[in-house]
Structure formats: structure tokens, C-alpha cells
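Let's take a walk through this one together. Have the structure open and turn it as we go.

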Amino acid sequence: MKKIAIAGAGFSGAVLARELAEAGIASDVYDGRSHVAGNCHTERDVETGVMVHKYGPHIFHTDNQRVWDYLCRFTRFMPYTNRVKTTTQGQVFSLPINLHTINQFFNKTFSPAEARKFIESLADLSIEDPTNFEEQALRFVGVDLYEAFLKGYTQKQWGCSPTNLPASILKRLPVRFNYDDNYFFHPYQGMPRDGYTAIVEKILDHENITVSLNSAFTRDQAKAYSHVFYSGPIDGYFDFELGRLGYRTLDFKEIRAVGDYQGCAVMNYGDESVPYTRISEHKHFSPWESHEKTICFEEYARECEENDIPYYPVRLMEEQQLLKQYVELANKETNISFVGRLG
């Protein structure tokens, strides 16, 4: 039996390789970058000693105990609760929108029931069947909260008007009627003590796994393998022969300082007049550590170009047809599985 090829040494590729390896099946893992873990890659900053999330913050959370137990084989998770703040209209608020946010924003002292009734009074009930993100938001929370907390940030993040985004992005009411500011609902949350890259390195540490870095997998190589798991962009596998699908990428502007720069791990910026979407201060992602100096990154989202790293697939209405065509090409292939966020 020929070997299995796995394109991409992020979590998808690494877990597949490990599961195959433990079943006695060898695999070759390829990655075009100089490190494993993909966009979850973490490394120590030499000057500050801070563990830096090189491609932006990643906070682990899941409601699946099997997933949690699996990763606990390869790391020690430290307690971490993601508490996000946002600066908008000259004030700082907690996210997601909760009872404290509502009372602060409207200068009220609502109880949960009073707040719920008040937000319902703000909702635009004339929008019976929302067709886009903006209509969905207005239907949920009304114009004031939408413009303060959702509109500007969303427009910067996706590079288009919220009216061009599907309503499904905002699947439920983004409001809590209590003072819970834990960003995630999931029961299993934490931060790996030694970073994410150390996890992936341990997952890939098996005699049946061969890892090749600085080695992007090509379609021609697939002929040498009995099966391929491909976690890159699906249009990239086909050499963009039908055109390029849309992806968003991120640029980071580094800030170095002494002490505590912003007092929290993540500060969003909701105003359109601020060009970046957020600032992340990475030492706050490891609250069990102590560092005199600090390192932060302003985060700028933009359209992904040919030589950029894709972060988020953009699936606007006009792209659905192109994606469908690539899926049809993929279905004609044999002995290949497309996996991961981009695949």
C-alpha cells in the first residue's frame, strides 16, 4: 500500500496523521511554511519572553469532551476565560453585549427582564424575513446597538457593507441579559501552557509520520500516494483554473512597551474611523506568567491577494456559484479528501 499524503501541518492535518499512525498507516505531512500548527503557530518573543500567537489570537474552547480529552494527551491546559472589550463612540464596553453593556450604553439600571423588554422595543419588527447581516442585526437589537457594536467592526473585518453579508452570519440574538462577559458558552475552555505549536509537534511525533516543512504540496505529487488529505484552499489545489475564491487576510502592526499596554488581552474597535479591528496584548493570554515588557499587535483585515496567507473564506452570494463549481471538480477527483477551514 502506498503512503498517505497530508497537505498542511495544522490541527486538521496533524490529527489525521496521528490517527492514521496509531492505526499502523504511514503518512507524509507537507507544509509550505517553516513551522507546524498553521495559523495557530505560537512562539516565544525573544525580547519580552511573551508567548506570541503569530497569526492572531487563538483561544481554545469546545463543548465536546472527546475533543478536550484528546488534546489533553498532548498539553496541559491552563485556566483562561476570554473577556473581550470594545472601544466605540468614545467609551469602553464589555462584549458580547450583556446586561452591563446595555445599562452602561443607555445609562440605565435595568434588571434582566427590564433589559429584555427594552431591547425588544428597539428591534425593527418591520423586518419580518431578514435577507442580510444588517437586516438581521436591526431585527435583533435595533439601530443604536447595531451601529455601535456590529456595523463598523463587521465592515472592517469583511471589507464590504453588512448589507452584502448573509443573515446567517448572525445566527442568534447577540445579547445576554445577565452580567456574564465570558465570550464563549462552551464548558471546556483554556489556553495551552506551552503554546499551540508544542501541541501539534507532539501530535506529529510518531514513527509513522514524516513531516516536510518549507514544502508546499502540489497536485502532481498526489499520483505517488494512495490517498491525499488536502487542507489548503480548495481553489489552490486546482491551480485557480476557474478563478480565485475570496479570502480575507490579516496584517499586524507591532507595538512594544513596558508594563501593561491596554489592561486586557483583546480590545476591539467598533468605529469605522479606526482602521484596525482590534489590538491584542499577548501576555494577557498567559495570565499565569509574569513579564515586565509587553508586545501587542494592531490587526488590519483586507482582501487576500495572490501571495498572502488566507485566513477566512468569504462566501458572498456572488461567490457561491464559483465555490459550487470547485466542489463539482473536487467530486470528480478520486482518492482525495478536502479538510479544514480552507479546504
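What follows goes from a sheet to a helix pair and then to the empty spaces.

Keep in mind that this is a predicted model. A good place to begin is the open sheet of 5 strands, which pairs in parallel and has the order S10-S2-S1-S11-S17. At its edges sit strand S10 (209–212) and strand S17 (336–338), each of which pairs on one side only. If you ignore direction, neighbouring strands here are turned by 15° against each other on average. As a reminder, strands of a sheet pair through backbone hydrogen bonds, either parallel or antiparallel.

Zoom in on the S17 edge. Strand S11 (residues 227–230) and S17 pair in the parallel sense, and they do so over 3 bridges. To find your way, pick Phe229: its bridge partner in S17 is Ser337.

Now bring in helix H1. H1 lies across strand S1 (4–7), strand S2 (27–30), S10 and S11. Relative to S1, H1 runs at about 160°.

H1 (11–22) turns up again at the second largest pocket, where H1 and helix H2 (65–72) are the elements that give two or more residues to the lining. That pocket has a volume of about 170 Å³. Its lining is made up of Phe11, Val15, Glu19, Arg66, Val67, Tyr70 and Leu71. Which helix gives the most? H2 does, with 4 residues. By type, the lining divides into 5 nonpolar and 2 charged residues, with no polar ones.

Next, the helix pair. Two packed helices are described by the angle between their axes and the distance between the axes. For helix H3 (residues 99–106) and helix H4 (residues 112–122), the angle is about 65° and the axes are 11 Å apart. The contact draws on Leu99, Ile102 and Phe106 from H3, and on Pro112, Ala115, Phe118, Ile119 and Leu122 from H4. Those residues come out as 8 nonpolar, no polar and no charged. As for handedness, H3 passes H4 in a left-handed crossing.

Last stop: the enclosed space. The count comes to 1 cavity of 30 Å³ or more. The largest cavity holds about 50 Å³ of space. Around it you'll find Thr42, Met51, His53, Met191, Pro192, Arg193, Gly195, Tyr196, Ser286 and Trp288. Strand S4 (51–53) and strand S9 (188–192) each supply at least two of the lining residues. What mix of residue types lines the largest cavity? The split is 5 nonpolar, 4 polar and 1 charged.

Key. Residues are numbered from 1 along each chain as its sequence is written. This is a predicted model: local features need pLDDT of at least 70, side-chain atom pairs count only at pLDDT 80 or more; totals for chains, interfaces and linings use all residues. Side-chain values use heavy atoms; hydrogens and water are left out. Axes are lines fitted to C-alpha atoms, for helices over the stretch in contact, and angles run from 0 to 180 degrees between N-to-C directions. A crossing is left-handed if the near helix is turned anticlockwise from the far one by less than a right angle, and right-handed if clockwise. Contact means heavy atoms within 4.5 Å. Ala, Val, Leu, Ile, Met, Phe, Trp, Tyr, Cys and Pro count as nonpolar, Asp, Glu, Lys and Arg as charged, and the others, Gly among them, as polar. On a 1 Å grid over the protein atoms alone, a cavity is a set of points where a 1.4 Å probe fits but cannot get out, and a pocket is an open set with protein on both sides within 12 Å along at least five of seven lines; lining residues have an atom within 4 Å of a point. Grid points are joined across faces, edges and corners, and a volume is the space filled by probe spheres set on the points. Two strands pair if DSSP finds at least two bridges between them.
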